[in-house]
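Please work through the exercises below with the sequence and the model side by side, trying each task before reading its solution.

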Amino acid sequence: MMRIITGRARGIQLDTLEGDMTRPTSERAKMAIFSSLQFELEGRRVLDLFAGSGQMGLEAVSRGAEHAVLVDQSKDAVRIIRKNAEKTRLSEDCTIVCSDFSEFLRQRRGREPFDIVFIDPPYAMAACRAAVEAILDNRLLKPYGILVLESGEPDPLGKETPLLAKFDLLKSARYGAAYVTILSLRA
């Protein structure tokens, strides 16, 4: 069962895609992530890349984020995201986009950057590093903005990467098969 934990849409159950195409963030991991972000959400602009069911972006809006952009390349996932946004009555605070993540980020270049970005690609894709590089290259994260990475490996950006020098580590933890890393962009 997947649901909105708290806020305006508290307790509303969310739909998810059938099969193995998406792997929703576990309730335990989601609770830990939002516990870490609880004072960072009010009035913020959020990007949920690889949105799947939309649960992370919708949870952020339910908790007070001003607006969330939810992106997934799967038309079926986008259909589920739209259904969940309607069900939670949060659709007016969301923009839902069907696009490949790299194309979406390239097209956003020069537009208003985000305060918080959730990056949770399919584990086999190993796309965290490419997504973070594209976000930085296209200047889509505000100074002190927060990245929330979820991956199947403990070090999704690579230990030796110069990317790490651009961030402060706020949290790193494992929840079952998922590794969650929360970073803040240095000014």
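What follows is a set of exercises, each with a solution that goes step by step.

This is a predicted model, in which local features need pLDDT of at least 70 and side-chain atom pairs count only at pLDDT 80 or more, whereas totals for chains, interfaces and linings use all residues. Residues are numbered from 1 along each chain as its sequence is written, and side-chain values use heavy atoms, with hydrogens and water left out.

**Exercise 1. The cavity**

Task: Find which residues line the largest cavity and sort them into nonpolar, polar and charged.

Solution. Begin with the term itself: on a 1 Å grid over the protein atoms alone, a cavity is a set of points where a 1.4 Å probe fits but cannot get out, and lining residues have an atom within 4 Å of a point. Grid points are joined across faces, edges and corners, and the volume is the space filled by probe spheres set on the points. With a threshold of 30 Å³ or more, a search of the whole structure finds 1 cavity, and the volume of the largest cavity is about 40 Å³.

Next, list the lining, which consists of Thr25, Ile33, Asp48, Met56, Phe118, Ile119, Asp120, Val148, Leu149 and Glu150. Two elements, strand E4 (114-119) and strand E5 (141-151), give two or more residues to this lining; here helices (H or I, at least four residues) and strands (E, at least two) are DSSP runs, numbered from the N terminus. The largest share, 3 residues, comes from E5.

Finally, sort by type, where Ala, Val, Leu, Ile, Met, Phe, Trp, Tyr, Cys and Pro count as nonpolar, Asp, Glu, Lys and Arg as charged, and the others, Gly among them, as polar. The lining then divides into 6 nonpolar, 1 polar and 3 charged residues.

**Exercise 2. A covered helix and the core**

Task: Determine how many residues of H2 are buried, and then follow Leu58 into the largest nonpolar core.

Solution. Take buried to mean under 20% relative accessible area, exposed over 50%, and partly exposed in between (1.4 Å probe, protein chains only). By this rule H2 is mostly covered, with 8 of its 8 residues buried, and among them are Met56, Leu58 and Val61. The buried residues of H2 pack against H1, E1, E2, H3, E3 and E4, contact being heavy atoms within 4.5 Å.

Now turn to the core, defined as a set of buried Ala, Val, Leu, Ile, Met, Phe, Trp, Tyr and Cys residues joined through side-chain atoms within 4.5 Å. The largest nonpolar core has 33 residues, of which Ile33, Leu37, Leu58, Leu70, Phe118 and Val148 touch the most other members. Helix H1 (27-37) and helix H2 (55-62) are included in the elements that give two or more residues to this core, and H1 gives the most, with 5 residues.

As a last step, look at Leu58 alone: leaving aside its neighbours within four places in sequence, Leu58 is in contact with residues including Ile4, Leu14, Leu70, Ala85 and Cys94.

**Exercise 3. Two positive phi values**

Task: Compare Phe50 and Tyr144 by asking where each is found and whether each is buried or exposed.

Solution. Start from the general expectation that most residues other than glycine have a negative phi. Phe50, which is not a glycine, nevertheless has a positive phi of about 55 degrees, and Phe50 lies in the loop between E1 and H2. Because its relative accessibility is 14%, Phe50 counts as buried.

Tyr144, also a residue other than glycine, has a positive phi near 70 degrees and is found in strand E5. With a relative accessible area of 59%, Tyr144 is exposed.

**Exercise 4. A hairpin**

Task: Describe how E6 and E7 run and what lies between them.

Solution. Two strands pair if DSSP finds at least two bridges between them, and here 8 bridges join E6 to E7, which run antiparallel. Within this pairing, Leu169 stands opposite Leu183 in E7. The hairpin of E6 and E7 has 2 residues between the strands, and in this hairpin Gly176 takes a positive phi near 65 degrees.

Conventions:
On a 1 Å grid over the protein atoms alone, a cavity is a set of points where a 1.4 Å probe fits but cannot get out, and a pocket is an open set with protein on both sides within 12 Å along at least five of seven lines; lining residues have an atom within 4 Å of a point.
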